[in-house]
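Thanks for coming, everyone. I have one structure to walk through today. Let's put it on the screen.

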Amino acid sequence: MSEARPLIVIGLLGTTLDSGKGAGRWEKWRPSVALCQQPDRVIDRFELLYEVRFRELAEHVASDIGFISPETTLTLHALTMSDPWDFEEVYGALHDFARGYPFAPEAEDYLVHITTGTHVAQICLFLLTEARELPARLLQTAPPRKQIASDPGSCAVIDLDLSRYDRIARRFAREQVEQADFLKAGIATRNPAFNATIARIEHVALRSRAPLLLLGPTGAGKSFLAKRIYELKRARHRLSGAFVEVNCATLRGDGAMSALFGHKRGAYTGAQTERAGLLRSADQGLLFLDEIGELGPDEQAMLLKAIEDGRFLPVGADKEVESRFELIAGTHRDLAAEVAAGRFREDLFARIHLWTFRLPGLAERREDIEPNLDFELERHARDHGQRVRFNAEARRRYLDFATGPDAPWRGNFRELGASVLRMATLADGGRIDVDTVAEELERLRGQWGERTADTRADPVSELLGAEAAARLDRFDRVQLAEVLRVCKSSASLSAAGRELFAVSRAGKANPNDADRLRKYLGRFGLEWGRVRGAGG
């Protein structure tokens with residue numbers, strides 16, 4: 001059996017609890033003295049900390065401890081602090097002691113006594129112990145129920161290793177699951193990768209004020225998730241302001257600056273009143289800028305300053321205003337490609353790119369179609385006061401089609417919601433039957449078939465628009481059409497690049513097919529997500 005290691009206690013002198021003079025002091029419970037009277041706990045060394053002005057009391061207590069526990073070596077440590085209720089001053093004094101003390105945790109056991117001292121001092125000792133500046137466990141003492149000279153009261157050791165507390169660990173794990181479930185409410189998913197993404201977003205959202213960037217095709221749920229993140233932060237008292245959402249694709253021309261940053265009265269023709277702007281409305285809250293890639297260069301520059309400094313200049317103003325907000329940005333574009341093409345500021349991208357999460361489209365989460373089908377029916381019941389259900393055969397037929405390879409779901413969850421709404425509206429007697437499903441499937445086939453035919457006829461026009469496509473040389477148009485065809489049939493940017501550059505890559509020591517393809521698409525203002533979204 002190995003020898004027990006020496007036990008060292010670090011404690012503060014209790015200027016009230018430890019005081020006492022004359023023979024009557026032995027009838028009083030004094031925590032520091034009583035600690036050395038415990039019959040089952042021998043303290044080898046007591047490091048007693050005290051304020052300089054209480055030197056006499058500290059020496060008196062040290063003398064009494066030496067009398068009742070001669071085996072205990074007691075050392076007095078004077079602390080210089082003028083106000084024991086000043087948090088910064090107390091923490092600084094105790095931190096200096098901790099940094100200067102020759103701890104040897106491999107050879108000695110340490111306990112920090114937190115019964116004495118001001119509440120501020122007790123909190124500081126707890127924080128220093130939790131941070132392992134004091135490599136110890138906490139020790140708490142309590143007086144006996146009846147003041148008897150021979151009864152030293154009780155003491156309890158508190159180990160801050162929470163892994164040892166099963167119930168606390170289980171509760172903490174349960175709260176983490178509840179928080180992730182809170183974010184997923186309304187985003188029903190059986191997809192393991194998406195579940196992992198939601199869990200990581202929850203982890204980051206509650207621990208960081210840095211911007212979040214949500215990537216994904218239109219209709220993938222970026223706006224809904226941003227609102228849930230805001231509600232989670234507000235429920236945990238991380239935010240006190242409002243949730244402000246704006247689709248940057250709707251901001252055009254001179255009105256964009258005014259909408260975002262506000263304007264002074266008379267800033268331009270028609271500005272008859274002052275406008276606060278969306279950034280000021282989001283003060284102490286959360287600003288969600290959907291489709292941030294659509295912002296113009298001037299708006300990008302102003303936004304960068306607002307994110308970094310919390311200050312910006314409204315249109316027509318000569319004095320900056322302040323707004324401290326958290327930011328979530330959303331986009332379906334490849335912002336790295338936009339930066340390479342010179343359409344998005346590199347410094348702004350770097351600022352919002354710290355935490356980036358991709359939300360997969362519905363076609364990538366076909367296992368989630370069924371739970372989202374039920375969610376849409378529940379939403380219809382809440383919004384319209386009428387509960388609608390599928391017949392068993394009708395449900396089977398719809399899911400067989402919806403989860404099959406011929407359903408591209410380019411509009412993602414928004415398109416699924418519209419499909420369910422149409423069937424629920426047409427349902428007689430609150431039941432969606434086989435005929436209603438057949439009508440809806442025919443409608444979806446028609447929508448997707450028309451778009452597929454258009455894409456096959458002219459994929460360049462479909463992506464760039466007829467006017468932009470008409471400005472291309474025939475050579476560029478034919479070449480781009482072939483590149484788009486390969487992209488749409490490839491699983492990834494790298495796979496498409498390998499097929500397109502199969503010959504020339506053989507002569508390169510370090511071929512980077514994905515980068516070559518990304519730059520080629522960037523010449524036409526295209527990025528991978530947009531090309532794939534158009535291609536199914």
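**Walking through the model**

Start at the end of a helix. Gly310 follows α10, and the phi of Gly310 is positive, near 70 degrees. Keep in mind that this is a predicted model.

Stay with α10 for a moment. What should its 13 residues span, at 1.5 Å a residue? The expected figure is 18 Å, and the end C-alpha atoms of α10 are 18 Å apart, so the two agree. Which residues of α10 are buried? They are Glu299, Gln300, Met302, Leu303, Leu304, Ala306 and Ile307.

Leu303 brings us to the core. The largest nonpolar core has 32 residues. Those touching the most other members are Leu279, Leu289, Ile292, Leu303 and Ile352. Which elements give two or more residues to this core? On the strand side, they are β8 (243–247), β9 (286–290) and β12 (326–331). On the helix side, they are α8 (254–261), α10 (297–309), α11 (335–340) and α12 (346–352). As a general point, nonpolar side chains in soluble globular proteins tend to be buried together.

Take Ile352 from that list. Leaving out residues up to four places away in sequence, Ile352 touches Pro211, Leu212, Leu213, Ile292, Ile307, Leu327, Ala329, Leu335 and Phe344. Ile307 is one of the buried residues of α10.

Now the sheet. It is open, with five strands, and the pairing is parallel. Reading across, the order is β8-β9-β12-β7-β13. Which strands sit at the edges? β8 and β13 (355–358) do, and each pairs on one side only. From one strand to the next, the twist averages 15 degrees.

Look at one pair inside that order. β9 and β12 pair in the parallel sense, over five bridges. Leu286 stands opposite Glu326 in β12. A helix packs on this sheet too: α7, residues 222–235. Helix α7 touches β7 (212–215), β8, β9 and β12. The direction of α7 makes about 170 degrees with that of β9.

Last stop: Ser32. Ser32 lies in helix α1, residues 31–35. Is Ser32 buried or exposed? Its relative accessibility is 0%, so Ser32 counts as buried. The side chain of Ser32 has a polar contact of 2.7 Å with the side chain of Asp18. Again leaving out residues up to four places away in sequence, Ser32 touches Leu12, Asp18, Phe46, Leu48, Val61, Ile65, His113 and Thr116.

That's the tour. Questions, please.

Terms used:
Residues are numbered from 1 along each chain as its sequence is written. This is a predicted model: local features need pLDDT of at least 70, side-chain atom pairs count only at pLDDT 80 or more; totals for chains, interfaces and linings use all residues. Side-chain values use heavy atoms; hydrogens and water are left out. A nonpolar core is a set of buried Ala, Val, Leu, Ile, Met, Phe, Trp, Tyr and Cys residues joined through side-chain atoms within 4.5 Å. Buried means under 20% relative accessible area, exposed over 50%, partly exposed in between (1.4 Å probe, protein chains only). Helices (H or I, at least four residues) and strands (E, at least two) are DSSP runs, numbered from the N terminus. Contact means heavy atoms within 4.5 Å. Two strands pair if DSSP finds at least two bridges between them. Axes are lines fitted to C-alpha atoms, for helices over the stretch in contact, and angles run from 0 to 180 degrees between N-to-C directions. The expected span of a helix is 1.5 Å times one less than its number of residues. A polar contact is a pair of N or O atoms within 3.5 Å; within protein, one must be able to donate a hydrogen and the other to accept it, and residues adjacent in sequence count only if both atoms are side-chain atoms.
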